[in-house]
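Trainee: Please take me closely through one part of this structure, a small sheet, and then show me how it sits within the rest of the model. I should like the account to be connected rather than a list.

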Amino acid sequence: MKTNIFSAISISLLAACAISTSCSGDSSYPEPQDAIDGYGVQIEFTKWRPYNLDGTETFAGQTVITDQGNERDAGEFYSKEDISPSVNGFFKTGSVDGAKVRCLVSQKIGGDGKLVGLGDFEDVGLFYEDVVPSVKVGEGIKYIDREGNVAFDINEKTGLNVKTAYNFMGGISVIGVDNGGDFLLKGAVNTKGEIVIEPRYFTLDYIGSGLYYAIDPQRVTNPENPEVEILDNTGKVRFTINKNDYYINIGNGRNGPYNFPFKDGYGLLSDYSGFNWVILDSNGKELLKSDGTKSVNHEFSGKYFVFRDSETYFFGIMDIKGNIVIPAEEQRIIWLDKEMFCRLNERDESEVCDYKGKVLFTVDGPLSRFNHGYAFVPHQGRLDFINSKGETVNTTSLYYGAISYWDVELLDPIFSRKE
């Protein structure tokens, strides 16, 4: 699968692909974006480098010993070795010389002077938990630990014919089981390989805040509008909805990394028009319902939600009680979090404001969201990293605005290669 890259020139893609800020939620598990602690940046046509969130080089000034005994710059990844974000200390490298090979590369260099690489795999996940699914050519799915050791073979552990496995999200890893039917049945396991959600679901997708969107084929009485169960990570049903009543983007990262319907313990369900919607808590309790005068999208954080006025089509911000926090006078709001929001002015500058509307600072260009206190803004040929005061703390070169998020790969399953 190809790496998902966005351009510095495209404001809309930057807004969609920005990494979210820290989320507490009402779950004991943080949102997945909180695990991201580094980026892969394309600095030349054939070179990528890993960077920390503050823009310092992950392997600044360090060299490593290759398998041939030669020294090389630890931070240069060549040709097709583009890299994913770092998740809990490990980057994922892409194809090497045209062959589909995946490795996990630690941010720390080993005592032997070599990069600590876990691989080579046909495919491998990322460490949202301390074990990840992986697969090698001709083998079934095995979960490995942070040392690269096999923690468990999922088929041996469960006695099932597991064909797909997803990264851990919300504390569990979804698996797809072949039972001889027309489609895989979905269930989930914990970090010990123990089944916590029985594999009986046609659909089982993470939607944020420790919740899963599930369709049980045995419970479908109306195929045209089946019942959807919203489960927690123990398999408990929090609430139910009918599938066609709301449009839920279970594709998640295909509209930008971690664009989940639930964040911070709140959820937004809406139809395709965006004018019929409801805001819920994670137990399905209705907090606010549409009155038809505003459309909403999945740009929200904490108790704050972006809305669009049905008459003027300008944007504003409201809270979960429907109070207007920022009037609908904005041409574009590109992101918001619990402390501040970012709007784009007529000069294409990013203005970061508090919820009283005061401009805290202005940045020339489209600004990413803050991730653990740092954000970045791409320019022609460079990438500036800033702190929460708007101060530039580091700058690096940037090749045509390419910074890798691999958002689809982070959310897609690992497939068994064993017949």
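Mentor: Strand 19 and strand 20 (residues 211-215) run antiparallel and are joined by 5 bridges. Within this pair, D205 stands opposite Y213 of strand 20. Strands here are DSSP runs of E with at least two residues, helices are runs of H or I with at least four residues, and both are numbered from the N terminus. Two strands are said to pair if DSSP finds at least two bridges between them.

Before going further, please note that this is a predicted model, in which local features need pLDDT of at least 70 and side-chain atom pairs count only at pLDDT 80 or more, while totals for chains, interfaces and linings use all residues. Residues are numbered from 1 along each chain as its sequence is written, and side-chain values use heavy atoms, with hydrogens and water left out.

The pair belongs to an open sheet of 4 strands in the order 19-20-21-22, with antiparallel pairing. Its edges are strand 19 (203-208) and strand 22, each of which pairs on one side only. On average, neighbouring strands of this sheet are turned by 25 degrees against each other, direction ignored; the axes behind such angles are lines fitted to C-alpha atoms, for helices over the stretch in contact, and angles run from 0 to 180 degrees between N-to-C directions.

What lies beyond strand 22? The loop between strand 22 (237-242) and strand 23 (262-263) contains I248. Outside its neighbours within four places in sequence, I248 contacts I207, Y213, I241, P261 and L269, a contact being heavy atoms within 4.5 Å. Y213, already met opposite D205, is thus one of the partners of I248. I248 and P261 are 13 residues apart along the chain, and their C-alpha atoms are separated by 6.8 Å. With a relative accessible area of 10%, I248 is buried; buried means under 20%, exposed over 50%, and partly exposed in between, with a 1.4 Å probe and protein chains only.

One stretch in this region calls for caution. Over residues 252-256, pLDDT stays under 50, and the model has 16 contacts beyond four places in sequence for that stretch. pLDDT is the predictor's confidence in each residue, from 0 to 100. Where pLDDT is low, the predicted coordinates should not be read in detail.

Following the chain onward, D264 lies in the loop between strand 23 and strand 24 (266-270). This residue has a positive phi of about 55 degrees although it is not a glycine, and at 9% relative accessibility it counts as buried. D348, in the loop between strand 32 (341-344) and strand 33, also has a positive phi without being a glycine, near 60 degrees. D348, however, is partly exposed, with a relative accessible area of 41%.

Strand 33 (residues 349-353) offers a second antiparallel pair, joined by 5 bridges to strand 34 (residues 359-364). Here E351 stands opposite T362 in strand 34. The two strands form a hairpin with 5 residues between them, and G357 in the turn has a positive phi of about 90 degrees.

The cysteines may be treated briefly. A disulfide is a covalent bond between the sulfur atoms of two cysteines; here the criterion is a pair of cysteine sulfur atoms within 2.5 Å. A search of the whole structure finds 0 disulfides. For C342, the closest cysteine sulfur is that of C353, and no bond is assigned because the two are 7.6 Å apart, too far for one. C342 is buried at 0% relative accessible area, and C353 is likewise buried at 0%.

Finally, the setting. The protein has 3 helices and 39 strands, and 56% of its 419 residues count as buried. Among contacts between residues at least 6 apart in sequence, 45% join residues at least 24 apart. The mean pLDDT is 85, and 86% of the residues reach 70 or more. Confidence is highest in strand 17 (residues 185-189), at a mean of 98, and lowest in strand 1 (residues 5-6), at 25. Residues 1-27 stay under 50 in pLDDT, although the model has 90 contacts beyond four places in sequence for them.
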